[in-house]
Amino acid sequence: MASFHEQQRAFFDSGLSLSFSARMQALQQFDQALRTYEERIVAALYEDFQKSEFESFTTEFSMLYEEIRRAKKNLKKWMRPQRVRTNWINWPASSAILREPLGVNLIIGAWNYPVLLLLQPAVSALAAGNTAVLKPSENAPAVANVLQQMINTSFDPGHLVVVQGDAKATQKLLSHKWDHIFYTGSTQVGKIIYQAAASNLTPVTLELGGKSPAVITPTANIALTAKRLIWGKFLNAGQTCVAPDYVLVHESVSEAFLQACVAELKQSNYALGQRHYCQIINERHFDRLTALMDEEKIFFGGQSDRSQRFIAPTIMVDVTLKDAVMREEIFGPILPVMTYVDVDQALELIKTLEKPLAAYVFSTDPKEYTKVLSELSFGGGAVNDVVMHLSNPHLPFGGVGHSGIGAYHGKHGMDCFSHRKSILYKKNWFEAPLKYPPLGPKKLKWIKRIMK
Ligand code: NAD
């Protein structure tokens, strides 16, 4: 029997995924499948890490439905050749950019938003006329099973298929010649993916992580800052790629900020079984996270229960770059808070770490936040908010440097899974003689006069 990779190559080469109607039908099929399986997926998310129905819908399904709706609404427009101007050297001619699908894609998802991170790129891949093999994370096995059932009973495997497997199986998949690999996960594995892709010159999109800072200046609205920041940090129990990893707060407002955080945490009542707090995904991550907590530096929280894979929202203070919690991406419910006196010092500290996926600045002074935004390099972020920038489909979502390569969401997803083919349409009724032999100083003089 042909492998999924071969089946997809044959399906793509047959042209069955290309037409407007084929893409529209695929998107409709996808939408229908998602609606049919929504309840089963919600149950699987609960089984894997007690993710509540509320968080499941708001952080996974809502964005997916929006992505499908947007793709369907704009597909015709997105598929149209894009006319561009032609420079006069090429006169008489016109020019356009034609969009073509990249072809056969491998999409590898991560466990933390196991539905969204696998299926959102799949929507863009289908809209752009591709085929795709989807590899869900083995760390959210119940979700992986339901997604496999959902996709594999709704689509021709040559078009879209879910293949399960661990790291070893993923490496086997990587040995095929893909037209594009889209990977979401850690920077460390991102390097393995990039190396595997290089042997076939396969283009990659790498959606990675990093330590995303939040800078709080003296002009910030402290109560609102604490509210938004605490929500974004402890969403999904901190297991969010764009969660604020650590805080740098100006010394003059640090006490007020910490008190506001505590008030917010007490009021929010983060506990398992509540509608907004989930488990740590597995024991390995539980052990990794508890090892990052330094008892003496815990300001609030610190409780944990391994049998429940529960870690309470925890704030650490007096943290330095030497602490374990600052030496790796936390990816869990621990918030180290550091203070600064001079914003330049704070920015220098951030710059000693690799470029993060996100950065946030809380300030009501445009001069202050413009300085932070212009001096730091990071994937994307927000002023006076956290996380929410990724919910705006008009903004490309992706990292820079160690936090990733490429971006997607909305039209940017269509771009991510397409090649933009540049075409010059030349007219035949005139041909300038300048570039043809016999060549000589006279012609060169003319060319220089025109082109210098
Ligand atoms: P993970 O363990 O689910 O791994 C991600 C994928 O990589 C899985 O499908 C897994 O099978 C595969 N994989 C793991 N080891 C491999 C190997 N050696 N070779 C080939 N494939 C392998 O997820 P994770 O890596 O723990 O994810 C957490 C990281 O992902 C964090 O750094 C987080 O910031 C980042 N992340 C980024 C985004 C984003 O959109 N940029 C989203 C979510 C998570």
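The following legends describe close-up views of a predicted model.

**View 1. The ligand in its pocket.** The ligand occupies the largest pocket of the predicted model. Among the elements around the ligand, those that contribute two or more residues to its shell are helix 6 (167-174), strand 6 (180-184) and helix 7 (187-198). Helix 6 makes the greatest contribution to this shell, with three residues.

**View 2. The ligand and the two domains.** The shell around the ligand receives residues from both domain 1 (2-208 + 400-421) and domain 2 (213-398), and therefore the ligand lies between these domains. Domain 1 is made of two stretches of the chain, 2-208 and 400-421, whereas domain 2 is given as the single stretch 213-398.

**View 3. Residues surrounding the ligand.** There are 28 residues around the ligand. Those that come nearest are Lys135, Ser137, Glu138, Leu208 and Glu329. Sorted by class, the shell comprises 14 nonpolar, 10 polar and four charged residues.

**View 4. Polar atoms beside the ligand.** Three protein residues are shown here with the ligand atoms that they approach. In the side chain of Trp111, an N or O atom is 3.0 Å from an oxygen atom of the ligand. At Gly185 the partner is a polar backbone atom, which is 3.1 Å from a ligand oxygen atom. Glu207 also takes part through its backbone, where an N or O atom lies 3.4 Å from a nitrogen atom of the ligand. On its own, the ligand would expose 850 Å², and the protein buries 91% of that area.

**View 5. A cis peptide bond at Pro92.** The peptide bond that runs from Trp91 to Pro92 is cis, and its omega angle is near 0°. Pro92 belongs to the loop between strand 1 (82-84) and strand 2 (93-101).

**View 6. A cis peptide bond between two prolines.** Pro437 and Pro438 are joined by a cis peptide bond with an omega of about 0°. The loop that holds Pro438 is found between strand 18 (418-426) and helix 14 (441-451).

**View 7. The backbone at Phe331.** Phe331 is not a glycine, yet its phi angle is positive, at about 55°. This residue, Phe331, is placed in the loop between strand 13 (314-316) and strand 14 (334-340).

Methods: Residues numbered from 1 in each chain as written. Predicted model: local features only at pLDDT ≥ 70, side-chain atom pairs only at ≥ 80, totals over all residues. Heavy atoms only, no water. Near = heavy atom within 4 Å. Polar contact = N/O pair within 3.5 Å; in protein donor to acceptor, adjacent residues only side chain to side chain. Areas by Shrake-Rupley, 256 points an atom, 1.4 Å probe, with all protein chains shown as cover. 1 Å grid on protein atoms, 1.4 Å probe; cavity = no way out; pocket = protein on both sides within 12 Å on 5 of 7 lines; lining within 4 Å. Sits in = over half its atoms within 2 Å of the grid points. Helix = DSSP H or I, 4+ residues; strand = E, 2+ residues; numbered from the N terminus. Nonpolar A, V, L, I, M, F, W, Y, C, P; charged D, E, K, R; others polar. Domains from an automatic or database assignment.
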